[in-house]
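Me: Please take a close look at one part of the structure shown below, namely how its parts are set against one another. I would like one connected account rather than a list.

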Protein chains: 2
Amino acid sequence: MKKYTDQTRFLIAVDCIVFGFDGEHLKILLIKRGFEPEKDKWSLMGGFVRPEESLDGAANRVLTQLTGLEGVYLEQIQAYGDPLRDPIERTLSVTYFALIDIHKYETQISDQYHAEWFLLKDAPELIFDHGEMVEAAKKKIRYKAALHPILFELLPKKFTIPQLQNLYEDVYNTQIDNRNFIRKLTATKLLIKLAEKDKSGSKKGAFYFKLDKKKYKANFQAFLNFIPNPDKLISV
Amino acid sequence: MKKYTDQTRFLIAVDCIVFGFDGEHLKILLIKRGFEPEKDKWSLMGGFVRPEESLDGAANRVLTQLTGLEGVYLEQIQAYGDPLRDPIERTLSVTYFALIDIHKYETQISDQYHAEWFLLKDAPELIFDHGEMVEAAKKKIRYKAALHPILFELLPKKFTIPQLQNLYEDVYNTQIDNRNFIRKLTATKLLIKLAEKDKSGSKKGAFYFKLDKKKYKANFQAFLNFIPNPDKLISV
DNA sequence: TCAAAAGTGTTTTTTATACACCCATGT
DNA sequence: ACATGGGTGTATAAAAAACACTTTTGA
C-alpha cells in the first residue's frame, strides 16, 4: 500500500537521564557531545532512533553503548517536540530515566563519550532543552519514588538501612526519623535481613538487607509512603 | 548549518483519548477513520504533526477540529514507537488524554468524523494499537485522579456532590460512603457551595457547588485521597 | 574509654473507616 | 402520605508522627 503522502517526516531521538547514587548523593551521568552542533558541550546520552528499533529498544541500546550495562531500570518520561528545540533540524526527543547501581559503572567503559557523574546541584549547563529534561526527570523520580519502591534500583543487591535512608533523604532533601523509616520499611515486608554486616560505614557495622524479589514485583504498584508529608516535598 | 545526515526520518502523530462523563458513566469519544488504511474503522482522534507546530499544539489542534472546544484539559501520556504499529509506514504516536465537559460536545460539531461517545465497556475494536492506548489512558486517569483533582474537568462549572460522587464511583468502579466522601471533599476546601439547587435528579434537589479556582490551581499537586484503599483499585 | 554510627518502643496525634437516621419536596 | 434521593454526626480503628536512649566496637 502507498505511503502517507503530503506529510512531513522528522528525526526522532531518545535521551536518557541516568541516575546513580554514590552513598551520599544522587548523581546524573552526562557526556560530552561528540558531533556538531554543540560539539564538546555537556549533554544527555542519547541517539537517533533507527528504522528497525522501538523507542524502548533505542533507549536500551543507547544506555548499553554508554555503560555496558543491560537490564537496567528504564522508564519513558515524555516526548519533547518543540519545533525549534534542535537548531539544526527538527527532532522529536523521547526521554527516559535510568536508575543504575553506580558501582557498576565506575570503570568508564566507553571513554569515547567522556562521561562523568555530576551532583545534581553541580551539573553543568546542557545543550538544547536537556536542562529542562533533567528537571522533569528529577520531578518524575521524586514523584514516583514517593509511591513506589523504585529507588532500590540505585543500590547494590546487598545494601544497608542507613544507605537506603541516606538515599531517600537526599532525593527528598529532608531528614527522616530513623525509627519511623524502619517501621514503614518493615511493614512493606520487601526486605530480607542478611547475616552479614557492612563495616565500612561504622565500627558497629550495619546489617545488609536484600530485596524479596517476588514481593517487590508483586507489590510494585502498591502505594507506599516512606516520605513524611510527601505533598509538601513533591511538585508535579 | 548542515542537517544530520544518514539518519532516518519518521512520521509523527498525536492521538487523543477524549473522556467525558454523562452523569452516570465515563465515556470516550471515538471517530470513524476517514482515510486508508482501515478507513471507516473506529479510531482515536489524531493527526500528523505539522512542521511548524509543537506536540501540544498538534494535540490541541486535533481536539479543536473534532470538538470545536478550546482550552480543554489535555495531558501527554506517552509515546508509542513500535516500528510496525502502523502497517503503511512507520509512525510514532504521542498520546494525550483530554477531559471535557460532555455537555459542551453534544451537538456534533463536525459530522465529518462521525464521532460517537462510547461507554468504556462498550467501546468497539480500534485500529492499530489504539485499544492499547485507551487501556493505558484509563490507567493513567485512574492513577492521577486518585491523587489529584482532575476529574472536576469532566463536570460543568456548577455541579452537585451526588454528581461528583457518581463520577468517582464510576471511574473506580466502587461504592463510596457518602459521608466520608463529603468529609474528604470538605477538607480540601476546594469547593464553594452555591445557593442554587439542581432539582433534576431528585425532589429535594442537590446544592450546586463550584470550584475555588485559586485553591484548585494552588493545590493541584497536593496529594488527595478521595478513594478508599486506592492501591487495591489502581493498577499502574 | 570514648567517639560514631546502628538499632530499638512508646505515646500522641491524625486520618480513615464504619455505620443509620432525618430532611425536603413533588407527585 | 409517601417515595425518592439529599444531607448530616459519632464512635472506632488504623496509620503516621514525635520523641531519646542503649548498643557495638575500632581506634
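**Domains, copies and DNA surfaces**

Reply: Chain A is divided into two domains, domain 1 covering residues 11–147 and domain 2 covering residues 150–233, and the model in which they are seen is a predicted one. Taken over C-alpha atoms, the centres of domain 1 of chain A and domain 2 of chain A are separated by 26 Å. Across the boundary, 16 residues of domain 1 of chain A are in contact with 16 residues of domain 2 of chain A. On the domain 1 side of that boundary, strand 1 (11–21) and helix 2 (130–147) of chain A each supply at least two residues, and helix 2 of chain A provides the largest share, with 5 residues. By class, this side of domain 1 of chain A, where it touches domain 2 of chain A, is made up of 8 nonpolar, 4 polar and 4 charged residues.

The chain that holds these two domains has a secondary structure of 6 helices and 10 strands. Its C-alpha atoms fill a box of roughly 65 × 35 × 35 Å along the principal axes. The radius of gyration of chain A is 20 Å, which agrees with the value near 18 Å that a compact globule of 236 residues would have. Of those 236 residues, 32% count as buried. Among the contacts in chain A with a separation of 6 or more, 67% are made by residues 24 or more positions apart.

From the single chain one can turn to the pair. Chain A is superposed on chain B by a rotation of 180° with 0.0 Å of shift along its axis, at an RMSD of 0.1 Å, and this is the relation of a two-fold axis. Both copies are served by the same surface, in that 100% of the contact residues of chain A recur in chain B. In this pairing, 36 residues of chain A are in contact with 36 residues of chain B. On the side of chain A that touches chain B, at least two residues each come from strand 1, strand 5 (73–80), strand 6 (91–99) and helix 6 (230–233) of chain A, and strand 5 of chain A gives the most, with 3 residues. The residues of that side divide into 19 nonpolar, 8 polar and 9 charged.

One residue of chain B gives a local view of how the two chains meet. B:Asp82 lies in the loop between strand 5 (73–80) and strand 6 (91–99) of chain B, and, leaving aside residues up to four places away in sequence, B:Asp82 touches A:Ser54 and B:Asp129. With 18 other C-beta atoms within 10 Å, B:Asp82 is partly exposed. The C-alpha atoms of B:Asp82 and B:Leu92, which are 10 residues apart along the chain, are separated by 7.6 Å.

The two chains also share the surfaces that face the DNA. Around DNA strand C there are 23 residues, of which A:Pro162, A:Arg179, A:Ser202, B:Lys203 and B:Pro228 come nearest. Two or more residues of this surface are given by each of helix 3 (161–171), helix 4 and strand 10 (206–211) of chain A, and by helix 4 of chain B; helix 4 of chain B has the largest share, 4 residues. The surface near DNA strand C divides into 6 nonpolar, 8 polar and 9 charged residues.

Helix 4 of chain B, which leads on that surface, is itself hardly covered, as the count of buried residues among its 11 residues is 0. Just after this helix, B:Lys189 takes a positive phi of about 60°. B:Pro228, among the residues that come nearest to DNA strand C, is found in the loop between helix 5 (213–218) and helix 6 (230–233) of chain B. B:Pro228 is partly exposed, with 15 other C-beta atoms within 10 Å. From C-alpha to C-alpha, B:Pro228 is 32 Å from B:Asp15, and the two are 213 residues apart in sequence.

DNA strand D has 22 residues around it, and A:Lys203, A:Lys204, B:Pro162, B:Arg179 and B:Ser202 come nearest. Here the elements giving two or more residues are helix 4 (178–188) of chain A and, from chain B, helix 3 (161–172), helix 4 (178–188) and strand 10 (206–211). By class, the surface near DNA strand D has 6 nonpolar, 9 polar and 7 charged residues.

Terms used
Residues numbered from 1 in each chain as written. Chains lettered and ligands numbered in written order. Predicted model: local features only at pLDDT ≥ 70, side-chain atom pairs only at ≥ 80, totals over all residues. Near = placed C-beta within 6 Å. Nonpolar A, V, L, I, M, F, W, Y, C, P; charged D, E, K, R; others polar. Domains from an automatic or database assignment. Contact = placed C-beta atoms within 7 Å. Least-squares fit on C-alpha atoms with pLDDT ≥ 70 in both. Rg over C-alpha atoms; globule rule 2.2 N^0.38 Å. Buried ≥ 20, exposed ≤ 12 C-beta atoms within 10 Å, placed from the backbone.
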